[in-house]
Amino acid sequence: MKHEWNIWVVGGDQRQAQLAVQLARDGHTVHTYALERAGELGEGVEPERDLRGAVRADCVILPLPVIGEGTLLNTPLSEGSLPLAEVLDRLRPGQIVCAGLVTPPVAALADARGLTLHDYFAREELAIANAVPTAEGAIQIAMEELPITLHGARVLVVGYGRLGRALAPRLAALGARVSVAARKWSDLAWIEAEGYGVEHSGQLRGWLCGYDLILNTVPARLLEEETLRDLKPGCLVLDLASKPGGAGVALGRHRTTLPYI
């Protein structure tokens, strides 16, 4: 049985950088590309200047999300940009490729090249675990940007999926007065049973004027311009949803986007 693999980690953020470190510690041969701004990753991780050796990899690991702007690979820790198709062109048919948040166009690119593509973000345990640092990062930004404390602040979490469920109790533990907006009546019943205020995500227009902080987790345009007109001055809106996000024009008020996923 083979225990040591030749693995290439291509693109991504600090999550991919730390993955490379952990894979090297597990005894695998690890190469990185388009992670040059991640700094020194330690013994066993070999930074590469090009993709010529990737064709020999047992597995190529692409970012979460795999796509950045347009058709470019998501490479926030690289000095340059890299079309995803160009990366896939360097690989051999049948080669195993792992990527996060694979869209139909990405799957089509891989299929056309005969690659074996796996979406690791489709694993529920990973998606749940990823919601925790996203929730913590959102709370950190809120504490830095708001002129008031979260304790006593009126906060609305839009969406009751993995991230919404991670956010609500953490905000409440800091003393925030938390409401959650959801669409399903079963979710609304659970939200109320857990002691949070309740909003219906399809009926937000006219109901946002009292909030100090709104965190959107739904990748659908629920917060359009007409809905956001109700915001009071100084309300902070954090859009945590995957692209294209769920917040429309923020009418000059502070808006921050985090890469959830």
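**Ring contacts, charge pairs and helix packing in the predicted model**

The structure has 0 aromatic pairs. This is a predicted model, and what it does offer around its rings is a charge: R154 sits over the face of Y211, with 4.6 Å to the ring centre.

Stepping back to the overall picture, the protein has 7 helices and 12 strands. Its C-alpha trace spans about 55 × 35 × 35 Å along the principal axes. Out of 261 residues, 48% count as buried. As for how the chain folds back on itself, take the contacts with a separation of 6 or more: 53% of them come from residues 24 or more positions apart.

Next come the charges. Side chains of opposite charge can pair when their charged atoms come close. Across the whole structure, the search turns up 7 salt bridges, and three of these are worth walking through. D13 pairs with R15, and their closest N and O atoms are 2.9 Å apart. D13 counts as buried because its relative accessibility is 17%, below the 20% cut-off. R15, in turn, is partly exposed at 29% relative accessibility. Another of the salt bridges joins D50 and R52, where the closest N and O atoms are 2.8 Å apart. Here D50 is partly exposed, with a relative accessible area of 24%, while R52 has 64% relative accessibility and therefore counts as exposed, the cut-off for that label being over 50%.

R165 and D187 make up the other pair picked out here, with the closest N and O atoms at 3.6 Å. This salt bridge links distant parts of the chain: R165 belongs to helix α5 (residues 162-173) and D187 to helix α6 (residues 185-193), with the two residues 22 positions apart. R165 is partly exposed, at a relative accessible area of 43%. D187 is on the other side of the burial cut-off: its relative accessibility is 16%, so it counts as buried.

Helix α5, which carries R165, also passes a simple length check. At 1.5 Å a residue, its 12 residues should span 16 Å, and the end C-alpha atoms are 18 Å apart, so the two values agree. The buried residues of α5 are L163, G164, A166, L167, A168 and L171. Their cover includes both helix and strand elements, namely α4 (124-145), β7 (154-158), β8 (177-182) and β10 (213-216). After the helix comes G175, which has a positive phi, near 95°.

Helix α4, part of that cover, is also where A131 is found. A131 has a relative accessible area of just 1%, so it is buried. Between A131 and L150 there are 20 Å from C-alpha to C-alpha, for a sequence separation of 19 residues.

Over in helix α3 (residues 104-112) is L109. Is L109 buried or exposed, or somewhere in between? With 28% relative accessibility, L109 counts as partly exposed, because the in-between class runs from 20% to 50%. Setting aside neighbours within four places in sequence, L109 is in contact with L84 and L88. L35 is another matter: L109 and L35 are 74 residues apart along the chain, and their C-alpha atoms are separated by 23 Å.

That leaves the cysteines. How many disulfides does the structure hold? The count comes to 0. C59 is in no disulfide, and the nearest cysteine sulfur to it, that of C98, is 3.8 Å away. Looked at from the other end, the sulfur of C98 has its closest cysteine sulfur in C59, and that 3.8 Å is too far for a bond; the reason is that a disulfide needs the sulfur atoms within 2.5 Å. Both cysteines fall under the burial cut-off: C59 counts as buried because its relative accessibility is 14%, and C98 is buried with a relative accessible area of 17%.

Technical notes. Residues numbered from 1 in each chain as written. Predicted model: local features only at pLDDT ≥ 70, side-chain atom pairs only at ≥ 80, totals over all residues. Heavy atoms only, no water. Phe/Tyr/Trp six-rings, centres within 6.5 Å; stacked < 30°, edge-to-face > 60°. Lys NZ or Arg CZ within 6 Å of the ring centre and 35° of its normal. Helix = DSSP H or I, 4+ residues; strand = E, 2+ residues; numbered from the N terminus. Buried < 20%, exposed > 50% of the residue type's maximum accessible area, 1.4 Å probe, protein only. Contact = heavy atoms within 4.5 Å. Salt bridge = Lys/Arg side-chain N within 4 Å of Asp/Glu carboxyl O. Expected span 1.5 Å × (residues − 1).
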